[in-house]
Amino acid sequence: MNHEAAMAAAIEQSDRVKGRTYPNPPVGAVILDRDGQIAGVGATAPTGGPHAEIVALRRAGERAAGGTAVVTLEPCNHFGRTPPCVDALLAAGVAEVAFAVADPNPVAAGGTARLTESGVLVHPGVLSDAVAGGPLREWLHKQRTGMPHVTWKFAASVDGRSAAADGTSKWITGEAARADVHRRRAAADAIIAGTGTVFADDPALTARLPDGSLADHQPLRVVVGMREISPDATVLNDDSRTMVIRTRDPHEVVQALSDRTDILLEGGPTLAGAFLRAGVIDRILAYVAPILLGGPVMAVDEVGVSSITQAHRWRFDGTQALGSDMLLSLVQH
């Protein structure tokens, strides 16, 4: 197996633990033996547990000697809650290390230099775009900015409507798109909705498996707005924790969640417009159904644009077919 194929397997490992490793990044690792065969795989354990390299090395055992470690993030070179991963790699006798993204944290950096000085052949940048735009996207954003990564997620008809004229919106998209939403919820740290959405739809804002049961990881549910919500609202049930923030200021909301990394905004058009005007949205995930609804209920309200020259400019980051629907991913220019 070559480095790219092994990195693809490491990415799969990291995707599986998204949402469960904070404040550590969701890293994946694959250990190849001398013959290039997979000897062990692993991903970052929950807080306080071993890093991905350690998990993979334990599973590889003696087969790691003379082999290659393939990791989505540069192995760390510092003592935190656990010893440096570089120490474990050297002790295991690996001959080569390939990684996708350099560690931007100056405290943890230095793994490449240490490995090289010890005679290990290092291959940086393997599938770096796939990792930086995939499982480590939100963590890398937090490292750069110190603030959580905010994704606005919405479902709409092809003409941009989020509900029919009578307000009905279940279901605009099909099962595949809804399953993808729940998968992303299960990987997020928090989900934001406005009081208007709570009054109109009484959402649970939980992550569920295809059989309808609750996923193992549930994000924090965040309700934003000035109105009091009913104590019987579904969003206040015991399925997950809920935070109510009495403000209409998106900056205050994001600041209140600054200890988080990955946030989903699932509010209605008013809240979405406010977050867009405030400039705090980092990515848009648009689930677009091949239907036409017409009518007044748009996916987003006023965003502060009165002329085409003032348009909010985004670029496509990816597209994906989900059943009969399309998922469009957009990031800022």
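Here is a short chat between a visitor and a guide about this predicted model.

Visitor: Let's start with the big picture: into which domains is the protein divided?

Guide: Remember that we're looking at a predicted model. The C-alpha centres of the two parts lie 33 Å apart, and their contact takes 7 residues from one and 13 residues from the other, in the order I'm about to name them. The division is into domain 1 (3–139) and domain 2 (147–331).

Visitor: In the open sheet of 5 strands, which are the edge strands?

Guide: Try reading the order across the sheet, which goes β2-β1-β3-β4-β5, with mixed pairing. An edge strand pairs on one side only, and here that picks out β2 (38–43) and β5 (121–123).

Visitor: How do β4 and β5 run, parallel or antiparallel?

Guide: In general, strands of a sheet pair through backbone hydrogen bonds, and both arrangements are possible. Here β4 (residues 96–101) is joined to β5 by 3 bridges. You can spot Ala98 standing opposite His123 in β5. As for the direction of β4 and β5, they run parallel.

Visitor: What angle does α1 make with β3?

Guide: Look for α1 packed on the 5-stranded sheet, where it touches β1, β2, β3 (68–73), β4 and β5. Another helix to find is α2 (residues 52–60), which lies across β1, β2 and β3 and runs at about 150 degrees to β2. For α1, the angle between its direction and that of β3 is about 50 degrees.

Visitor: Which strands are at the edges of the open sheet of 8 strands?

Guide: This sheet also has mixed pairing, and its order is β9-β8-β7-β10-β6-β11-β13-β12. Going from one strand to the next, the twist averages 20 degrees. The strands that pair on one side only are β9 (242–245) and β12.

Visitor: What is the bridge partner of Ala190 in β10?

Guide: Find strand β7 (residues 190–194) and strand β10 (residues 262–265), which run parallel and are joined by 3 bridges. Ala190 belongs to β7, going by that range. Its bridge partner in β10 is Ile263.

Visitor: Which strands does helix α10 touch?

Guide: Helix α6 (residues 137–145) packs on the 8-stranded sheet, with its direction at about 135 degrees to that of β6. Helix α10 (residues 269–278) packs on the sheet too, and its direction makes about 115 degrees with that of β7. The strands α10 touches are β6, β7, β8 (220–224), β10 and β12.

Visitor: Now for the second largest pocket: how many charged residues are in its lining?

Guide: This pocket has a volume of about 440 Å³. It is lined by 15 residues, with Trp152, Phe154, Leu276, Ile284 and Val300 nearest its centre. Strands β6 (149–157), β11 (283–289), β12 (314–322) and β13 (325–332) each supply at least two residues of the lining. By class, the lining has 13 nonpolar residues and 2 polar ones, and the charged count is none.

Visitor: Which domains supply the lining of the largest cavity?

Guide: The structure holds 1 cavity of 30 Å³ or more, with about 150 Å³ of space in it. Of its 16 lining residues, the closest to its centre are Gly19, Thr21, Pro26, Asp189 and Thr261. The lining divides into 7 nonpolar, 4 polar and 5 charged residues. At least three residues come from each of domain 1 (3–139) and domain 2 (147–331).

Visitor: Which residues are joined by a cis peptide bond?

Guide: Most peptide bonds are trans, so a cis one is worth a look. Head for the loop between α1 (3–16) and β1 (28–32), which is the place of Pro23. With omega at about 5 degrees, the cis bond joins Tyr22 and Pro23.

Visitor: What is the phi of Asp202?

Guide: Most residues other than glycine have a negative phi, so a positive one stands out. Asp202 lies in the loop between α8 (195–201) and β8. Asp202 is not a glycine, yet its phi is positive, at about 45 degrees.

Key. Residues numbered from 1 in each chain as written. Predicted model: local features only at pLDDT ≥ 70, side-chain atom pairs only at ≥ 80, totals over all residues. Heavy atoms only, no water. 1 Å grid on protein atoms, 1.4 Å probe; cavity = no way out; pocket = protein on both sides within 12 Å on 5 of 7 lines; lining within 4 Å. Points joined across faces, edges and corners; volume = space filled by probe spheres on them. Helix = DSSP H or I, 4+ residues; strand = E, 2+ residues; numbered from the N terminus. Nonpolar A, V, L, I, M, F, W, Y, C, P; charged D, E, K, R; others polar. Domains from an automatic or database assignment. Pairing = 2+ DSSP bridges. Axes fitted to C-alpha atoms, helices over the stretch in contact; angles between N-to-C directions. Contact = heavy atoms within 4.5 Å.
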